[in-house]
Amino acid sequence: MLTSSVIVRGQVVAGQSVDVAPQVAGGEDGAAPVVTKLPVKQGDRLKAGQVLLEVSGRPVFALPGRIPVYRDLRPGAEGDDVKQLQEALRGLGHGTGGDTAGTFGAGTKAALTSFYAAIGYDPLPAVDDNGEGLEAAEGAVTAAERALEEAEDAEGEGADRAVQYARDDLAETRDDLAAAQAASGPRLPAGEVVYLQGFPARVDAVPGRVGAPVDGTMLTVSGGKLAVQAYLPEHQRGLVRRGQRVQIYSELTGIKAQAKVGSLADSLTAPDSGSGGGGGGRGEGETGGEVPAAPGQSGYLLRVDPDKPLDARLAGQDVRLTIEAARTDGKALVVPITALTAGADGRTTVTVLQPDEEQRRVEVRTGTAGDGFVAVEPVGAARLDKGEQVITGVKRAAVGQ
């Protein structure tokens, strides 16, 4: 069997790249936010729930999810982003009780509080009034209860009406207390969480440092399914198509993996036209599917999809891709490409050197070519056998199979 291959260098990339640029408040005295802890370094593997850095004493952590952060989550909030938080908390062992999926209720409050305790922090309160609103609501209920008792003990004209008014007032204050209790509890600030599509994730770069002001990207992390991307030069693009088999090989680790061509761009990527995942307004920016070209790279963007999940050690590595562009159907006669002769009549022939040193020209049809050889088939009654010597113009070569 003869296989024609295209060999190109590729980069193992994650399905998502996130620039962590936290937007958090400064210190209590209004000082600008600074990095107070940076417990990760480039190349570290991350697990769900892990603290990535600390800004002005507050954590920034990673959770699994696909919906980007766009708001603070407080008790009473509803939506798919609340459901995502609930699923992440349950996955880390913090149950959300009987809360409806997508509704931030009492169970989600308890789960979020438990999670913060597990990573060594107190959650920020949902209502930033030092508990004064809840305390006032409780005091109002107490006062209304006493007023009702006094009305019930009173006698004389209008006593019944006073009791009814007191009961109405008590009901109203109890409703206010229930609303205050529902609104109280922990909140999840948008600046304290980064959602990644898959774990383990990886720290790609750490431009930030402890003591530095928070200004732009503090670190870059990636997550999601590993794939491989490469850039094909124009002369090779016509040889590659979706679905072709690919072998991935890392010279650094010796790891091999089987894959297939997932996609190939229709347009050429010019040098320096790419851009990385930018930091979002809430501290994360992501790219999914195809990662933009790195500065200086050009060609047709090729994505290779592994048959099985790639070893996490390959993340970020430069690898060799051997793409099977074509192959013969079973065994075939092959000769060196240099043995072919194209005649003026349009026929293609090879010259066989017989044992008696006589030469015999054999017309052939050519097939798959690769690695300096080409598959051939004799035309008509012509004969060409395995092991016969053909003249290449340089030296004799044997017909192979």
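1. In this predicted model, Val55 stands opposite Arg58, a residue of strand 5. The two strands concerned here are strand 4, residues 51–55, and strand 5, residues 58–64; they run antiparallel and are joined by 4 bridges.

2. Helix 1, formed by residues 80–91, packs on the sheet and touches both strand 5 and strand 8. The direction of helix 1 makes about 90 degrees with that of strand 5.

3. The sheet itself is open and has 4 strands in the order 2-4-5-8, with mixed pairing. Strand 2 (35–37) and strand 8 (193–196) each have a single partner strand and stand at the edges, so one side of each is left without a neighbour in the sheet. Neighbouring strands of this sheet are turned against each other by 30 degrees on average, direction ignored. As general background, strands of a sheet pair through backbone hydrogen bonds, in either a parallel or an antiparallel manner.

4. The loop between strand 5 and helix 1 contains Arg71. How buried or exposed is Arg71? Arg71 counts as partly exposed, because its relative accessibility is 26%, and the partly exposed class lies between the cut-offs of 20% and 50%.

5. The side chain of Arg71 deserves separate comment. A polar contact of 2.7 Å links the side chain of Arg71 to the side chain of Asp81. These two residues are 10 residues apart in sequence, and their C-alpha atoms are 9.1 Å apart in space. In addition, a polar atom of the Arg71 side chain lies 2.8 Å from the backbone oxygen of Glu78.

6. The structure holds 3 aromatic pairs. One of them is formed by Phe61 and Phe115, which are edge-to-face, with 4.9 Å from centre to centre and 70 degrees between the planes. Phe61 lies in strand 5 and Phe115 in helix 2 (residues 106–118), so this pair ties together parts that are 54 residues apart in sequence. Both Phe61 and Phe115 are buried.

7. Phe61 also pairs with Tyr116. The ring centres of Phe61 and Tyr116 are 5.6 Å apart and the planes stand at 85 degrees, so this pair is edge-to-face. Tyr116 belongs to helix 2 and Phe61 to strand 5; the pair therefore ties together parts that are 55 residues apart in sequence. Tyr116 counts as buried because its relative accessibility is 0%, and Phe61 is likewise buried, with a relative accessible area of 0%. Phe61, Phe115 and Tyr116 form one aromatic cluster.

8. Which residues does Glu192 touch, leaving aside those up to four places away in sequence? They are Arg58, Pro59, Val60, Phe61, Tyr116 and Leu124. Glu192 lies in the loop between strand 7 (186–187) and strand 8. With a relative accessible area of 2%, Glu192 is buried, because the class covers values under 20%. The side chains of Glu192 and Tyr116 are joined by a polar contact of 2.6 Å. Tyr116 thus has two roles in this description: a member of the aromatic cluster with Phe61 and Phe115, and a polar partner of Glu192.

9. A further arrangement involves a charged residue and a ring. Arg237 lies over the face of Tyr300, at 5.0 Å from the ring centre.

Note on methods:
Residues are numbered from 1 along each chain as its sequence is written. This is a predicted model: local features need pLDDT of at least 70, side-chain atom pairs count only at pLDDT 80 or more; totals for chains, interfaces and linings use all residues. Side-chain values use heavy atoms; hydrogens and water are left out. Two strands pair if DSSP finds at least two bridges between them. Axes are lines fitted to C-alpha atoms, for helices over the stretch in contact, and angles run from 0 to 180 degrees between N-to-C directions. Contact means heavy atoms within 4.5 Å. Buried means under 20% relative accessible area, exposed over 50%, partly exposed in between (1.4 Å probe, protein chains only). A polar contact is a pair of N or O atoms within 3.5 Å; within protein, one must be able to donate a hydrogen and the other to accept it, and residues adjacent in sequence count only if both atoms are side-chain atoms. Rings of Phe, Tyr and Trp (its six-membered ring) pair if their centres lie within 6.5 Å; planes under 30 degrees apart count as stacked, over 60 as edge-to-face and the rest as tilted. A charge sits over a ring if NZ of Lys or CZ of Arg is within 6 Å of the ring centre and within 35 degrees of the ring normal.
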